[in-house]
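Visitor: Hi! I have a model open on my screen and would like to talk it through. Could you take a look with me?

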Amino acid sequence: MDLIGIILWPLKWVVELVLVAWHALFTAIGLPPADGITWVLSIVGLVIVVRAALIPLFVRQIKSQRKMMEIAPELRKVQEKYRGKRDQLSREAMSRETMALYKKHGTTPVSSCLPLLVQMPIFFALFSVLNDVTRHVQQGIGGVGLLNAELTQQFYDAKLFGVASLHETLINAFESNNVTAIIILLTLVVLMIASQFFTQLQIISKNLSPEAKTGQAYQMQKIMLYVLPFAFVFSGVFFPLGVVIYWFVSNLWTMGQQFLVIREMPTPGSDAAKAREERLARRGKAIDASGKVVPIEKYQAEQQRLLEEAERAKATQPKRQQPMSKQRAKKQQRPNSQAGQKPDPAAS
């Protein structure tokens, strides 16, 4: 076993456990154990388990993205401070100040990628499990865990719509001239890419504030929006049908999740936030200073109170003295000193 195999072994064991558990559930309710739909539903069940487990990380991701947008102006100040300075000391100082900002606000750029980073090893573990099916069947053995030899044979025999094996890749379909399998795989790869593209598009088009659209991170997101689909076009050729189904269903989950977040918890100042405020206004509601949805009357009363408090604070502040040059100060002192002098009797 190579190093990657050793690293993926525990994840492959868990993937097999979840697949076998869902397969047992579906066969218990009457679905054929070697039927394609039974194993497809088991893969969908795997998506549900994985994505449900990642919900806490997704919440953390949303909070991290919000904090990153909040500190964007401060980050730009640091970048402007060291703009054009290429020496080692300046780069180290810029790095220290940037990391200090991240630490102060409790966020890092990596936090916004945590769900994807955690999901990728699971994705590769599933790829490895499905990729080993043919070899294991030929050897008459099972997987690393609960996917025993009998279940491995059932999975190998399972075909979607009776024509496309779940362990079959697009290359295998072309080699066997399986036209129906080619159509199914191509359709799913296109849907997988389209769902990935749409999910990223709705984030950068609706859920970013105007300030966030001026930074380098936004430009990188726009580039990745068009680069990633090309990456999946080439990699999708080597994915078994079961992996393509997993990724497509996972993308559907992400789309639904992002839709709810953008609709109900949009980024302040974004187009989605303005749309939500308009929807609430039509229902006679608004968002108060703490972020809660309240009746419009309560919101207006709060705004009036905040305005009055601001006016009182402004009235109690001492007036700011304008800076004065030394020459002007001397000119103002001369009349005052002359006014204070007594008249000279000798002069009269």
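Visitor: What follows α5, and what is its phi like?

Guide: Happy to help, and do keep in mind that this is a predicted model. After α5 comes G106, whose phi is positive, near 70°.

Visitor: How many residues does α5 have, and how far does it reach?

Guide: Helix α5 runs over residues 88–105, which is 18 residues. From its first C-alpha to its last it reaches 26 Å, close to the 26 Å expected at 1.5 Å a residue.

Visitor: Which residues of α5 are buried?

Guide: They are S90, A93, T98, L101 and Y102. On helices in general, there are 3.6 residues a turn, so residues three or four places apart point the same way.

Visitor: And E97 in that helix, what does it form a salt bridge with?

Guide: E97 pairs with K81, the closest N and O atoms being 3.0 Å apart. That salt bridge links distant parts of the chain, with K81 in helix α4 (residues 72–81) and E97 in helix α5, 16 residues apart.

Visitor: How accessible are K81 and E97?

Guide: K81 is partly exposed, with a relative accessible area of 48%. E97 is partly exposed too, at 28%.

Visitor: How many salt bridges does the structure hold?

Guide: There are 3 of them. Another one joins D132 to K12, with the closest N and O atoms 3.2 Å apart. This pair also spans distant parts of the chain: D132 sits in the loop between α6 (114–131) and α7, K12 lies in helix α1, and 120 residues separate them.

Visitor: Are D132 and K12 buried or exposed?

Guide: D132 has a relative accessible area of 13%, so it counts as buried. K12 is buried as well, at 10%.

Visitor: Which residue besides K12 is linked with D132 in the network?

Guide: That is R135: K12, D132 and R135 are linked in a network of salt bridges. Between R135 and D132 the closest N and O atoms are 3.2 Å apart. R135 itself is partly exposed, at 40% relative accessibility.

Visitor: Switching topic, how many cavities of 30 Å³ or more are there?

Guide: Just 1. The largest cavity has a volume of about 40 Å³.

Visitor: What lines the largest cavity?

Guide: The lining consists of K12, E16, V129, D132, V133, H136, G143, L147 and T152. So K12 and D132, the salt-bridge pair, turn up again in this lining. Helices α1 (3–28) and α7 (133–139) each supply at least two of the lining residues. By type, the lining divides into 3 nonpolar, 3 polar and 3 charged residues.

Visitor: Back to backbone angles. What is phi for F161 and N177?

Guide: For F161, phi is near 55°, a positive value in a residue other than glycine. N177 likewise has a positive phi, near 55°. As background, most residues other than glycine have a negative phi.

Visitor: Where do F161 and N177 sit?

Guide: F161 is in the loop between β1 (159–160) and β2 (164–165), and it is exposed at 68% relative accessibility. N177 is in the loop between α9 (170–175) and α10 (179–206), and it is exposed at 59%.

Visitor: Last one: which elements have the lowest and the highest mean pLDDT?

Guide: Helix α15 (residues 326–339) has the lowest, at 58, while helix α2 (residues 36–53) has the highest, at 91. The chain averages a pLDDT of 79, and 82% of the residues score at least 70.

Methods. Residues are numbered from 1 along each chain as its sequence is written. This is a predicted model: local features need pLDDT of at least 70, side-chain atom pairs count only at pLDDT 80 or more; totals for chains, interfaces and linings use all residues. Side-chain values use heavy atoms; hydrogens and water are left out. Helices (H or I, at least four residues) and strands (E, at least two) are DSSP runs, numbered from the N terminus. The expected span of a helix is 1.5 Å times one less than its number of residues. Buried means under 20% relative accessible area, exposed over 50%, partly exposed in between (1.4 Å probe, protein chains only). On a 1 Å grid over the protein atoms alone, a cavity is a set of points where a 1.4 Å probe fits but cannot get out, and a pocket is an open set with protein on both sides within 12 Å along at least five of seven lines; lining residues have an atom within 4 Å of a point. Grid points are joined across faces, edges and corners, and a volume is the space filled by probe spheres set on the points. Ala, Val, Leu, Ile, Met, Phe, Trp, Tyr, Cys and Pro count as nonpolar, Asp, Glu, Lys and Arg as charged, and the others, Gly among them, as polar. A salt bridge is a side-chain nitrogen of Lys or Arg within 4 Å of a carboxyl oxygen of Asp or Glu. pLDDT is the predictor's confidence in each residue, from 0 to 100.
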